[in-house]
Amino acid sequence: MPIHRLLTAAAAVTLLAGAAMAQTPAPAAPPAAPSAAVAKLIPTGDLSTTLRASPNFTVFVKALDATNLSSLLKSSPGLTVFAPTDAAFPQSKLDSLMADKPGLQKFLLHYIINAKIDSSKIKGAHGGLPSGAGDKIVVDGTAADGTLKADNATIIQADVMASNGIIHVIDALMVAGSVPETLPEPPPEAAPATAPEPTPAAKPPAKKKK
């Protein structure tokens, strides 16, 4: 069955944290701890089970469940899923998506490819990959620092090998069409300046014979 008939879903919540400021001078409060990095996603069976086992994809999983996509990610072979973390979903975006199930389906089909695409196919490349929504995910592995991108999102963990496909964890919601499919042509190199030809020295007049 074509992937575009099978796939759907996604949404999320942002977590807000507040810090209380002590008003008395003693004792001094310790500095705030930096935000914890997203825990590594560990493969635990199929795509759906792997995402469900992690605490970092609860919104994505909720959306998959709401659109019956979870069962497809459990049984369909050979898929690639770009999975946004919970922190990638603004609450306002989640609310609007959940209120529009057809729109949510199309939105989430953009995160799924009906083929296994590991990071070796992204590194050093730039181009569009057909998504389940019928558009393209533009991947970019040409950055000098090795950063891998999918549309406007950064892949923060690549190649989570589930039993029936691959998950790439991303740090933002992907926006179809946000990145051009082809890189701009580099400007033509200017031709090196050539030194002017030296002017030949004037010959002295010939001496007259006596």
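**Exercise 1. Aromatic pairing**

How many aromatic pairs does a search of the whole structure find? Classify the geometry in this predicted model.

*Solution.* The search of the whole structure finds one aromatic pair. Its partners are F107 and Y111. The ring centres lie 5.3 Å apart, and the planes meet at 50°. Planes under 30 degrees apart count as stacked and those over 60 as edge-to-face. The pair is therefore tilted. Both F107 and Y111 are buried.

**Exercise 2. Helix 2 and the core**

Find which residues of helix 2 are buried, then list what covers them.

*Solution.* Start with the span: helix 2 covers residues 58-66. Its buried residues are V59, F60, V61, A63 and L64. Their cover includes helix 1 (47-52), helix 3 (69-75), strand 1 (79-84), helix 4 (91-98) and helix 5 (101-109). Next, take the largest nonpolar core, which has 42 residues. L51, F60, L73, F82 and I167 touch the most other members. Helix 2 supplies the largest share of this core, five residues. Finally, look past the helix: N68 follows helix 2 and has a positive phi, near 60°.

**Exercise 3. Contacts of L73**

Which residues does L73 touch, not counting those up to four places away in sequence?

*Solution.* Apply the sequence filter. L73 then touches D46, L47, S48, L51, L64, L79, V81, I112 and N164. Among these, L51 also ranks with L73 in the group that touches the most other core members.

**Exercise 4. A loop serine**

Is S131 buried or exposed?

*Solution.* Locate S131 in the loop between strand 3 (126-130) and strand 4 (136-140). Its relative accessible area is 8%. Buried means under 20%, so S131 is buried. Beyond four places in sequence, S131 touches L109, H110, I112, K136 and I137.

Conventions
Residues are numbered from 1 along each chain as its sequence is written. This is a predicted model: local features need pLDDT of at least 70, side-chain atom pairs count only at pLDDT 80 or more; totals for chains, interfaces and linings use all residues. Side-chain values use heavy atoms; hydrogens and water are left out. A nonpolar core is a set of buried Ala, Val, Leu, Ile, Met, Phe, Trp, Tyr and Cys residues joined through side-chain atoms within 4.5 Å. Buried means under 20% relative accessible area, exposed over 50%, partly exposed in between (1.4 Å probe, protein chains only). Helices (H or I, at least four residues) and strands (E, at least two) are DSSP runs, numbered from the N terminus. Contact means heavy atoms within 4.5 Å. Rings of Phe, Tyr and Trp (its six-membered ring) pair if their centres lie within 6.5 Å; planes under 30 degrees apart count as stacked, over 60 as edge-to-face and the rest as tilted.
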